[in-house]
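Open your viewer, get the selection box ready, and follow along stop by stop. At each stop you will hear what to select and what to look for.

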Amino acid sequence: MTSSVEKTTGHRTWKKPPFIANPAIRWAIILGVLAYVVWAVTSLPFNWERIQEGIPRAIRIFKGAFPPDMIRGELVLQGFLESIKIAIVATLAGVMLSVPIAFAAASNIAPKWLYNVGRGIIIIARSFHPVIVAILFVKAVGFGPLAGILTLTIYSIGFVAKMLAERIEEIDWGQVEAIRAAGGGTFITMLYAVIPQIMPRQIGLSIYQLDSNLRASAVVGIVGAGGIGSTLMNAFRRYDYDFALAITLCIIGVILISEAISGRIRRNIW
Amino acid sequence: MLRIKDLVKRYGKDEAVLKDLNLEVPGESVVAIIGASGAGKSTLLRCINRLVEPTSGSIDLNGTELTTLSGGDLRLARRRIGMIFQGFNLINRLTVMENVLSGRLGYVPAWRAMTRNFPQSDIDRAFQLMERVGIAHYANKRADELSGGERQRVGVVRALMQEPEILLADEPTASLDPKTSRQIMELLRALASELHLPVLINIHNVTEAKEYTQRIVGMRFGRIIFDSVPTDLTQDAMDEIYAGVPAEERGETGDPESLREVVSQ
């Protein structure tokens with residue numbers, strides 16, 4: 001038997017095929033991106049005079065911030081405790097709401113109309129940054145931790161429900177078939193064939209979201225939704241730059257710790 | 001007694017996968033269904049317990065017409081039909097005992113299923129069956145810690161927990177090594193006679209089909225073209241059922257020369 005390889009003589013070259021096959025489209029995209037970058041950079045209103053004036057002011061603030069000073073330590077502690085409370089309550093509420101929404105938003109499980117409702121909720125929950133949501137809630141329910149909790153609950157739904165729905169869409173369908181074949185109803189089938197498969201992801205997502213909510217609670221606090229963010233904002237308002245820097249350092253420390261803990265737990269989920 | 005009449009299954013507008021299929025499985029017989037991939041064997045089994053919706057025709061199990069059932073009635077019918085899968089389809093992250101007890105999900109109320117609080121009689125039956133197939137000591141192990149043969153035993157016990165009136169086995173040994181595969185076939189044969197169960201087995205391995213069953217049904221392109229005792233399955237009949245399928249895929253010894261040729265190129 002003679003193969004085609006032996007018959008062919010001479011060199012045969014090979015190059016990796018380009019990412020975009022059509023050369024016209026490829027060059028149009030490359031030139032288009034370049035042109036946009038040049039236009040964007042040249043048209044931005046950099047006012048060099050104002051930047052020059054601002055530099056000494058920035059130096060003054062930083063000088064005022066050093067050395068950092070924990071003058072009102074109990075405020076920091078209170079702020080953190082409130083932030084942690086906000087994060088935990090929001091994560092619990094968010095995760096509990098996320099599970100049914102995720103089931104609704106999984107195309108392999110939910111009927112079409114329910115799928116659209118589920119996806120719709122997720123898209124709405126994801127479409128605004130937590131700071132914008134926080135501004136709305138501060139207006140609606142007033143300053144304080146309740147606004148923070150509501151904000152981060154919505155933030156949690158946007159992330160946890162979306163990721164969980166995607167995990168549900170990847171499940172091994174054979175296990176669902178097996179429980180159905182045994183005569184299990186819809187709810188029982190979810191409970192036995194779907195939940196065990198998505199459990200590790202669910203736990204991992206919840207821990208990640210707790211960590212993420214703790215970070216976000218510092219940000220939404222700045223617009224008045226309670227927690228350490230509010231403490232930080234008050235310090236800035238009083239020109240206590242040294243205190244503000246101390247709070248900032250504490251936030252960094254707490255977030256490093258929470259990230260280390262959550263990372264370790266997520267790694268160890270079997 | 002399972003009676004299938006004029007069964008048709010068509011996916012969308014494609015050619016039908018099952019064409020006017022008729023089959024009767026009386027009493028406690030073990031029936032092997034053989035045929036090339038795509039002949040419709042798996043679709044046939046899945047039509048019986050309605051994991052696949054038949055397009056038309058009738059399926060009657062001991063006096064119940066299965067094709068028209070829906071909702072709660074369908075679930076009540078499904079629990080009378082045990083199914084064993086090629087990929088075992090165990091709930092990997094649950095224990096062996098939970099998997100076995102999941103065969104009772106068509107019987108117990110939801111709160112019992114949720115709290116894993118199954119009736120004592122179910123637990124007794126579970127231990128009894130697990131001892132029968134030799135997996136009782138794994139009760140609290142996770143299902144994915146078991147070997148392939150052990151997992152399929154769990155699958156068999158789960159199906160038997162349903163107190164089924166018929167057992168459907170969809171390529172139960174295709175994911176197993178030859179030795180384990182024979183053990184599972186032997187087990188199915190023994191259980192069928194002990195429990196007086198009719199068993200329908202889709203199988204690729206013709207040698208095993210001949211050895212462990214009393215009746216062989218050959219399918220080709222959605223039709224039954226052979227239905228007789230194993231001794232009637234002659235070379236001619238095989239060629240007709242498997243036209244175009246090489247011998248190695250039927251579980252018969254292949255010609256090693258052809259492979260050596262390909263490798264040496």
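Start with strand β3 of chain B, residues 30-34, where 5 of the 5 residues are buried. Keep in mind on this tour that you are looking at a predicted model.

**Stop 1: a buried strand in chain B**

Show the side chains of β3(B). Which of them point one way, and which the other? B:Val30, B:Ala32 and B:Ile34 go to one side, B:Val31 and B:Ile33 go to the other, and all of them are buried. In a regular strand, side chains alternate between the two faces of the sheet.

Now add the strands that pair with β3(B). Select residues 199-202 of chain B, which form β8: this strand runs parallel to β3(B) and is joined to it by 4 bridges. To find one of the pairings, pick B:Val30, whose bridge partner in β8(B) is B:Val199. Next select β9(B), residues 215-220, also parallel to β3(B) and joined to it by 4 bridges. Here you can pick B:Ile33 and look across to its bridge partner in β9(B), B:Val217.

**Stop 2: the nonpolar core**

Stay here and select A:Ile247, B:Val199, B:Leu200 and B:Ile201. The largest nonpolar core has 134 residues, and these four touch the most other members. Zoom in on B:Ile201. What does B:Ile201 touch, leaving aside residues up to four places away in sequence? The list takes in B:Val30, B:Val31, B:Ala32 and B:Ile33, along with B:Ala169, B:Pro172, B:Leu188 and B:Thr213. You have already met the first of these residues in β3(B), where B:Val30 points the same way as B:Ala32.

**Stop 3: the two domains of chain B**

Colour chain B by domain. Domain 1 is made of three pieces, 1-79, 165-172 and 198-244, while domain 2 covers 85-162. Taken over C-alpha atoms, the centres of these two domains of chain B are 26 Å apart. Where they meet, 7 residues of domain 1 of chain B are in contact with 7 residues of domain 2 of chain B. On the domain 1 side, select α2 (71-78) and β7 (166-170) of chain B, the elements that each give two or more residues to the contact. That side holds 5 charged residues, 2 nonpolar ones and no polar ones.

While you are in chain B, go to B:Arg116, in the loop between α4 (110-115) and α5 (120-133). B:Arg116 is not a glycine, yet has a positive phi of about 55°. Is B:Arg116 buried or exposed? B:Arg116 counts as exposed, with 11 C-beta neighbours inside 10 Å.

**Stop 4: where the chains meet**

Show both chains together. Their contact takes 20 residues from chain A and 22 residues from chain B. On the chain A side, the elements to select are α8 (173-181) and α9 (186-222), which each give two or more residues. α9(A) gives the most to this side, with 8 residues. By type, the chain A side divides into 11 nonpolar, 7 polar and 2 charged residues.

Now focus on α8(A), which is mostly covered, with 7 of its 9 residues buried. The buried ones are A:Gln175, A:Val176, A:Glu177, A:Ala178, A:Ile179, A:Arg180 and A:Ala181. What do the buried residues of α8(A) pack against? They pack against α9 of chain A, and against α2 and β6 (81-84) of chain B. Following α8(A) you come to A:Gly183, with a positive phi near 100°.

**Stop 5: the rest of chain A**

Colour chain A by domain: domain 1 is 23-62 and domain 2 is 73-268. The C-alpha centres of these domains of chain A lie 35 Å apart. An unreviewed UniProt entry lists "transmembrane region" for several stretches of chain A, including 178-195 and 216-237. Select residues 178-195 of chain A: the span is 78% helix and 0% strand, and its end C-alpha atoms lie 14 Å apart. Then select residues 216-237 of chain A, where the chain is 77% helix and 0% strand and the end C-alpha atoms are 21 Å apart.

Finish at A:Tyr239, in the loop between α10 (228-237) and α11 (241-268) of chain A. A:Tyr239 has a positive phi of about 60° although it is not a glycine. A:Tyr239 is exposed, with 11 other C-beta atoms within 10 Å.

Conventions. Residues numbered from 1 in each chain as written. Chains lettered and ligands numbered in written order. Predicted model: local features only at pLDDT ≥ 70, side-chain atom pairs only at ≥ 80, totals over all residues. Domains from an automatic or database assignment. Core = buried A, V, L, I, M, F, W, Y, C linked by C-beta atoms within 7 Å. Buried ≥ 20, exposed ≤ 12 C-beta atoms within 10 Å, placed from the backbone. Contact = placed C-beta atoms within 7 Å. Nonpolar A, V, L, I, M, F, W, Y, C, P; charged D, E, K, R; others polar. UniProt positions renumbered as here; feature names shortened; annotations may be inferred. Pairing = 2+ DSSP bridges.
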